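Visitor: Hi! Could you walk me through this structure? I'm new to this, so plain words please.

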Amino acid sequence: MKKALGILGLILVIAAGAWLIHHGSGTKAVSSENPIKIGAVLSLTGIAASYGEPARNAMQIAIDEINANGGIDGRPVSLTVEDDATTPATGISAFRKLVDADGIAGIVGGNFDFATIPLFPVADSEHVAFISPANLRIPGGLEPSGNSFVLMPDFSKVIVGLKPYLAQSPIQKLAVVHFKSTFGTQIATTLGATMTELDRGPIVDDAYTSIGNNDFRTTIIKLKQEGVDAVFLDMVDIDPVTFLTQARNLDYHPTVISYYGIIDSFGAPTADKTLLEGVVVLDWESSSARFQQLYQKRYGVLATHTAEKSYESIYVMAHAIAATKNLADVAPYLATHSFETPSGTVSFNKDHAIDTTPVKIEVVKDGNLIPLF
């Protein structure tokens, strides 16, 4: 009898210890077995590197949060990151390496549209779910389906947010100067239709083919001669700085409209930020105050726009993988379920995009962004 009671007591002690491990500290223990493996294809080098690094940082915050809270059903989440060097071919190789060599169950990433679009058919051929956090859906161009998803809405819904501003402005002739891509073409198409609806005539659509190696003098002279009084700039890297500098030198002073990336282009300490004075900014990528605090506390700087979408993508993908048994089931699960993240609820529509995102119109005044609408 004493022996039986001793064994029973030992069992109770072990059980109590296990409960304390799981519950006593307020978090659950994480087993190293059966991890949820997520891969990321990001631009850590190349012209989109300034967006790729913050995306990776944001994803790591999500990974650490999930694992600190016990993983998902006790399973830890891991992240393996590959660099696409902002080139399509490298991105495709990186995607396939994650699947074939690393045994990844789902992939997130893709910073610029031209490096992301080629990954959609690869996701289908590999039967692996893919979420691009920062890209917007563009019908006929950047169009997710099958195994691919984007954490943004249709781009036309975002760009048309400029209509109230354009309607009350004195702008009569608008030009869109953009990098030749699906993204830039959609801006020109949507704003062209908007200006026609406002009875202000056709826009000037001016596309260029290289990033960071432009003079823009010829373009500026042409726009000035044609009486263009407003220019939408779809530019990254050093190009907005070059354009605005040359416009000032050539005594051309149109209303300049862009998106938040133009602010990032003036991030260098030597950049003449007075060139931004009066620029109208269409902002669809703002991070929440909560996420900005998280990011700044950890990395000492503010997060770039779209970083929070990368953070959310980890939560969404991790929960979808945890809820399914087979690789091929992850994408259908993403398409048919809602996901709770610390930043809000995420659900994909029939087009594998989300329905809306907050859009603000601001103007740069004395170095600060001031809301217009």
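Guide: Happy to. One term to begin with: contact means heavy atoms within 4.5 Å. Helices (H or I, at least four residues) and strands (E, at least two) are DSSP runs, numbered from the N terminus. This is a predicted model, where local features need pLDDT of at least 70, side-chain atom pairs count only at pLDDT 80 or more, and totals for chains, interfaces and linings use all residues. Residues are numbered from 1 along each chain as its sequence is written, and side-chain values use heavy atoms, with hydrogens and water left out.

Visitor: Cool. Which residues of H12 are buried?

Guide: Phe291, Gln292 and Tyr295 are the buried ones in H12. Buried means under 20% relative accessible area, exposed over 50%, and partly exposed in between (1.4 Å probe, protein chains only).

Visitor: And where do they sit around the axis?

Guide: They are on the same side of H12, because they cover an arc of only 100° around the axis. The arc is that of the directions from the helix axis to the C-beta atoms. On the other side of H12, you find Ala289, Gln293 and Lys297 exposed.

Visitor: What do the buried residues of H12 pack against?

Guide: Their partners are H2 and helix H13 (307-322). Just after H12 comes Gly300, with a positive phi of about 80°.

Visitor: Let's try H9. Which of its residues are buried?

Guide: In helix H9 (residues 217-225), Thr219, Ile220 and Leu223 are buried. Their arc down the axis of H9 is 95°, so they line one face of the helix. Thr218 and Gln225 are exposed on the other side of H9.

Visitor: What covers the buried residues there?

Guide: The cover includes strand S6 (174-179), strand S7 (204-208), strand S8 (230-234) and helix H10 (239-249). Gly227 follows H9, and its phi is positive, near 75°.

Visitor: New topic: how many aromatic pairs does the structure hold?

Guide: There are 20 aromatic pairs. Take Tyr51 and Phe112: their ring centres are 5.8 Å apart and their planes are at 55°, so this pair is tilted. Rings of Phe, Tyr and Trp (its six-membered ring) pair if their centres lie within 6.5 Å; planes under 30 degrees apart count as stacked, over 60 as edge-to-face and the rest as tilted.

Visitor: Where in the chain are Tyr51 and Phe112?

Guide: Tyr51 is in helix H2 (residues 49-68), while Phe112 is in the loop between strand S3 (106-109) and helix H4 (113-116), so the pair links distant parts of the chain, 61 residues apart. Tyr51 has a relative accessible area of 17% and is buried, and Phe112 counts as buried at 12%.

Visitor: Got another pair?

Guide: Sure. Phe183 and Trp284 have ring centres 6.4 Å apart and planes at 50°, so they are tilted. Both are buried.

Visitor: Which residues form the aromatic cluster?

Guide: Tyr51, Phe112, Phe114, Phe179, Tyr208, Phe216 and Phe243 form one cluster.

Visitor: Last one: is Ser148 buried or exposed?

Guide: Ser148 is buried, with a relative accessible area of 0%. Ser148 is found in strand S5 (residues 148-150). Leaving aside neighbours within four places in sequence, Ser148 is in contact with Phe120, Ala123, Phe130 and His352.
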